Amino acid sequence: MALAPKFAGQKLAFSPPAATGAVPPAVHTIELFLDYVCKFSAKQFNTIYHVVAPAIRANPKWASNVQFIFRQQIQPWHPSSTLVHEAALAVLQISPEKFWTFSDALFKDQNSYFDVSVVNETRNQTYRRLAKLAASVGVDEAAVYDRLVIPDKAADDGSLNVGNKVSTDLKVLVKTARLVGVHVSPTVIFDGVVVNDISSSWTKEQWEEWLTKN
């Protein structure tokens with residue numbers, strides 16, 4: 001599936017693809033549908049970001065032939081899932097180059113946003129904590145919060161469901177997952193096809209074997 005330019009920060013590429021004669025260059029695409037408050041998503045992200053990605057960078061053949069796309073998979077039975085994904089969208093809008101770094105920080109701190117951890121705070125209080133987390137990786141805290149905060153007054157036209165400055169982008173994320181029928185997190189799509197064999201528990205060696213084969 002295509003990636004809109006405004007979501008370019010979700011892509012993790014390693015080196016320009018090599019052109020082959022008159023054929024336009026193309027690479028394999030691994031799409032990772034991950035939820036920030038899913039422990040299995042955290043496990044897979046950690047392996048990809050800290051183990052598999054360095055291995056790809058060290059292999060010129062792989063580096064020029066594969067890329068990852070982080071697809072944000074909201075799981076609404078955890079209400080905070082929406083909030084943490086909104087924070088990632090705010091980072092995408094402000095500092096897209098920090099998206100993967102922020103995602104790493106968010107997964108490492110995901111317990112702070114599980115159901116029990118947020119049940120007694122307001123939505124805007126959760127946003128404030130997320131903005132501080134963004135600041136820890138070098139993203140403007142005030143700018144992040146400004147994009148997330150929900151006003152406590154009705155809009156000029158009297159509407160109460162006013163949303164925030166990332167609501168429009170959030171709807172695109174939801175549509176993206178629905179279009180390909182993704183439900184479970186994590187889910188991996190390789191060149192447009194779901195690969196159910198890939199597990200969040202895969203080791204570096206299993207990933208290297210799979211990359212070599214595919």
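1. A good place to start is helix 8 (residues 167-180), which gives the most to the lining of the largest pocket, with six residues. Helices here are DSSP runs of H or I with at least four residues, strands are runs of E with at least two, and both are numbered from the N terminus. Please keep in mind that this is a predicted model: local features need pLDDT of at least 70, side-chain atom pairs count only at pLDDT 80 or more, and totals for chains, interfaces and linings use all residues. Residues are numbered from 1 along each chain as its sequence is written, and side-chain values use heavy atoms, with hydrogens and water left out.

2. How many residues line the largest pocket? There are 15, and Ile74, Gln75, Pro76, Val174 and Arg178 lie nearest its centre. The volume of this pocket is about 240 Å³. By class, its lining holds eight nonpolar, five polar and two charged residues. Nonpolar here covers Ala, Val, Leu, Ile, Met, Phe, Trp, Tyr, Cys and Pro; charged covers Asp, Glu, Lys and Arg; the others, Gly among them, are polar.

3. A word on how pockets are found. Rolling a probe the size of a water molecule over the atoms shows where empty space is left. On a 1 Å grid over the protein atoms alone, a pocket is an open set of points where a 1.4 Å probe fits, with protein on both sides within 12 Å along at least five of seven lines, and lining residues have an atom within 4 Å of a point. Grid points are joined across faces, edges and corners, and the volume is the space filled by probe spheres set on the points.

4. The second largest pocket has a volume of about 180 Å³. Its lining is made by His28, Lys61, Trp62, Asn65, Val66, Phe190, Trp210, Leu211, Thr212 and Asn214. Helix 2 (60-63) and helix 9 (204-213) each supply at least two of these residues, and helix 9 gives the most, with three. Five of the lining residues are nonpolar, four are polar and one is charged.

5. Look next at Asn214, in the segment after helix 9. Asn214 and His28 both line the second largest pocket; they are 186 residues apart along the chain, yet their C-alpha atoms are separated by 9.0 Å. Asn214 counts as partly exposed because its relative accessible area is 36%, between the limits for buried (under 20%) and exposed (over 50%), with a 1.4 Å probe and protein chains only.

6. The structure holds eight salt bridges, each a side-chain nitrogen of Lys or Arg within 4 Å of a carboxyl oxygen of Asp or Glu. One of them joins Arg123 to Glu86, with the closest N and O atoms 3.7 Å apart. This pair links distant parts of the chain, 37 residues apart: Arg123 is in helix 6 (residues 123-135) and Glu86 in helix 3 (residues 79-94). Is each partner buried or exposed? Arg123 is partly exposed, at 39% relative accessible area, whereas Glu86 is buried, at 2%.

7. Another salt bridge joins Arg129 and Glu121, whose closest N and O atoms are 2.8 Å apart; Arg129 is partly exposed at 27%. In helix 9, Glu208 and Lys204 meet through their side chains at 4.0 Å, N to O. These two are four residues apart, so about one helical turn separates them. Glu208 is partly exposed at 27%, and Lys204 is also partly exposed, at 38%.

8. Two backbone details deserve a look. Most residues other than glycine have a negative phi, and most peptide bonds are trans. Ser185 and Pro186 are joined by a cis peptide bond, with omega about -5°, and Pro186 sits in the loop between helix 8 and strand 4 (187-190). Asp191, in the loop between strand 4 and strand 5 (193-194), has a positive phi near 50°. Asp191 is partly exposed, with a relative accessible area of 39%.

9. Finally, the surface. Met1, Leu179 and Val180 form a nonpolar patch with about 280 Å² of accessible area together. Patch residues have over 30% relative accessible area and no salt bridge; like charges are joined within 9 Å, and nonpolar side chains (Val, Leu, Ile, Met, Phe, Trp, Tyr) within 5 Å. Accessible areas come from the Shrake-Rupley method with a 1.4 Å probe, and for residues only the protein chains shown count as cover. Met1 belongs to the segment before strand 1 (11-12) and is partly exposed at 41%.
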